[in-house]
Every structure is written in structure tokens, then in C-alpha cells.
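Here are my notes on the structure you sent. They are set out as numbered points and can be read alongside the coordinates.

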Amino acid sequence: MGSPIVLGIESSCDETGAGIVRDGQLLGDAVASSMDDHVRYGGVVPEIASRAHLHALRPVVRQALDKAGLCLSDVDAVAVTTGPGLSGALQVGLAGAKTIAYALGVPLYGVHHLAGHVAADTLEHGPLPDPCMVLIVSGGHTSLLLVRDLARDPITHLGDTLDDAAGECFDKAARVFGLPYPGGPAIDRAASEGDPRAVPLPRPLPGSYDFSFSGLKTAAARWAESYAGRELPVNDGAASLQEAVADVLTRKAVAACTEHGAGTLVVVGGVAANSRVRSLAQERCQAAGIELRVPPLGLCTDNGAMIAAVGDLLVRAGAEPAPLDMSIDPSAPLEYAALQPVAARMVVAL
């Protein structure tokens, strides 16, 4: 009998994803995004996202299976994101995963969304070194983590977001600059034509591994406001903002590697797709003698393959499956890769 085939389902925000992984290898995946439905609002609308997941989940699972050349009955385990994320969106994914697992009679595993981002790199570069430093940069999270055995060991937080995450800073600054949503790709495009030294923007919390991009966002907004009535040099503003974010992220990550003896830095999450974050991380890691691992662009944003990757690790590690009454936790802290909360039961006195 071959290694177990794991189906992963992701629905924490505006992407509905499904992936098929066996023994660390990605067999097939598919993603449906509702981004276009949110653009007019300048951000993700939870109700719209949840409805989009309802329509997309079944086709996305089917597409992933077709790419893998498999049938649903070939699945040996199901993994699903149970937090953090939008409550309604998470509920859709969990309901679908429970239905599939129950119908097939296979184990179900709850997965922490951010652990999924960490595991995404294993699909491209193989097992994570023990230990390794992981920098997660996304729309809602910026964290610096010391990771050992992702499936078994607790995850050590060296630094986390205190207010705005890097991706959130890009989104909000882009709006002030008159750039479209989502802000990250728009900032990246505009920055390619700008001067990263044109605007003197601050580097927040230089003496800490925590991250705070609210002040940087405000500084960029004040700079834009100073051009009231005049043409705003958007490309220079975008390039300067992007340079500040990339500088803070990579400087802290490389320093953490050096301090904690980690010879590998893994950069994951949506903002890991940013061209300057990638290039500056490569430059600084090379200078420090640190191996840099960054997943392909398609595995940086939310996807089902990364959740299947965690499920695959949990299955191979012999982890206990989730209970049938597993629930979601929209604000779950990242402590372990497995996230299998059970809703508190209501006791009614008679």
C-alpha cells in the first residue's frame, strides 16, 4: 500500500483552494479567487467571500483531483484550515471537509493557516531544516518564527505584528497613493519606476524582532498629503515605501538567524511575492552565509496545497485526527501546526 493521499482545503479569506499531497509531493491543486468581487470595496467583504466559497468549493476540489489524476475515493485523509481567518469563510471550508471525511470514512485534521504558509515551502524545497527561521509576511500577519519539527514541536515566536502587518501597510498606503486594490502588487509595479531613496521614511522598531507598520503607513500618508494640489510622484512614494518595508523585514530576519544559529531563512506568505523583499532577502542572506528559501509565487498566496502539505506531515508523524465536533478559531494564535479546537458546549440548567 502506498503513502496516504491527503486532500487539503483552504477558505480563510478570499481564495478557495484545494490541494492533493502525498509523501511531501504536490500531485494537484486549484484555486478560485473572489478578489474581483471585493475590488470595488477596497477590501475583502466577509459575506461576499463566504458566498463565493460556497460556490467554488466543490469545483475547486474536483479540479485538484483531476490534475492529480485521482478520484475522490482515492483520498486517505482530509486537512482543512480552521483558523485564523474570516468566521463565515472558515465555516464553509470546515463543513465541506467534514462532509468529505465523513463520506469517505477517513481522518480529518484541522490546520493553522499560518503553519500552512510555512509548509508551502516544503512542496518546492523539501523538508524544513531543524531548526530554521521563518518570516511570515502577509496581509494580516507579520511574524518571525523559530521552527523545528513543524508537525510535532511548538513554534517559537521571536516577533509578531503589533499593529498593521506588512501587507496591510501596502494596501492602505496604495489607497492614499491612488493605486488599485490589492495594494501589494500595485505598489510593486509602481516601485519599479521610482526612486527608493526619494522619500525619507522611518524604519519602525529597529531594536526589536516585533513589527509595527502603522507609523510607516502614516508617514507615507503624510508625505502624500504634502502634495495637495500638486501632482503626486506616486512611483517614488511606492519605491520608498517598498524599500522601507523590505529593509525592516530582511534586516530583522537575518539578525534573528545569526543570533539563534539558524542557517536557513524561509520567507513565506503573500508579501513574499514582492520583488524587493525577495531580492533584498537574497542579497543579505548571501552576505551572511544563510540559505534563503522562498516558495514559487503560486505557493506564496493562500492555497489548498499548503494545507494539504501540513496534513501530510501530520499523517506521517502519527498525529491524532480531529474530533468530529471540531470547530473553527478565527483568531487562533500560532502555537502548533495542528489546530483542532472544539467549541465549548452549552450546559442548560433545568
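The points below take up strands, helices and pockets in turn.

1. The model is predicted. Everything that follows should be read as a description of that predicted model.

2. Start with strand S1, residues 6-10. Because 5 of its 5 residues are buried, S1 is largely enclosed by the rest of the structure. The burial holds on both faces: Val-6, Gly-8 and Glu-10 are buried on one side, and Leu-7 and Ile-9 are buried on the other.

3. S1 pairs with strand S2 (residues 15-22) in an antiparallel manner, through 5 bridges. A hairpin of 4 residues makes the connection between S1 and S2. Within this pairing, Ile-9 has Ala-18 of S2 as its bridge partner.

4. S1 also pairs with strand S4 (residues 77-83). Here the two strands run parallel and are joined by 4 bridges. Val-6 of S1 is matched with Ala-77 of S4. Val-6 and Ile-9 are both among the buried residues of S1.

5. A separate point concerns an open sheet of 5 strands, in the order S8-S7-S6-S9-S10, with mixed pairing. Its edges are strand S8 (156-159) and strand S10 (291-293), each of which pairs on one side only. From one strand to the next, the twist averages 25 degrees.

6. At the S10 edge, the neighbour is strand S9 (residues 264-268). S9 and S10 run parallel and share 3 bridges. One of the pairs is Thr-264 with Glu-291, the latter lying in S10.

7. Which residues of helix H4 are buried? The list runs through His-113, Leu-114, Ala-115, Gly-116, His-117, Val-118, Ala-119 and Ala-120. That is 8 of the 8 residues of H4, and the helix is described as mostly covered. H4 (113-120) also supplies at least two residues to the lining of the largest pocket.

8. The largest pocket has a volume of about 1100 Å³. Of its 39 lining residues, Cys-13, Ser-138, Gly-139, Gly-140 and Asp-171 are the closest to the centre. Besides H4, the helices that each give at least two residues to this lining are H6 (166-177), H7 (183-191) and H11 (297-300). H6 gives the largest share, with 6 residues. By class, the lining has 14 nonpolar, 17 polar and 8 charged residues.

9. The second largest pocket holds about 370 Å³ of space. Its lining has 20 residues, and those closest to the centre are Thr-122, Pro-127, Leu-128, Leu-313 and Arg-316. Helix H5 (122-125) and helix H12 (304-316) are the elements that give two or more residues to this lining. The largest share, 4 residues, is from H12. The lining divides into 9 nonpolar, 4 polar and 7 charged residues.

10. Is Asp-312 of helix H12 buried or exposed? Asp-312 counts as buried because its relative accessibility is 2%, and the cut-off for buried is under 20%. Its side chain makes a polar contact of 2.7 Å with the side chain of Arg-316. In an α-helix there are 3.6 residues a turn, so residues three or four places apart point the same way. Arg-316 also appears among the residues closest to the centre of the second largest pocket, so anyone inspecting that pocket in the predicted model may view this contact alongside its lining.

Key. Residues numbered from 1 in each chain as written. Predicted model: local features only at pLDDT ≥ 70, side-chain atom pairs only at ≥ 80, totals over all residues. Heavy atoms only, no water. Pairing = 2+ DSSP bridges. Axes fitted to C-alpha atoms, helices over the stretch in contact; angles between N-to-C directions. 1 Å grid on protein atoms, 1.4 Å probe; cavity = no way out; pocket = protein on both sides within 12 Å on 5 of 7 lines; lining within 4 Å. Points joined across faces, edges and corners; volume = space filled by probe spheres on them. Nonpolar A, V, L, I, M, F, W, Y, C, P; charged D, E, K, R; others polar. Buried < 20%, exposed > 50% of the residue type's maximum accessible area, 1.4 Å probe, protein only. Polar contact = N/O pair within 3.5 Å; in protein donor to acceptor, adjacent residues only side chain to side chain.
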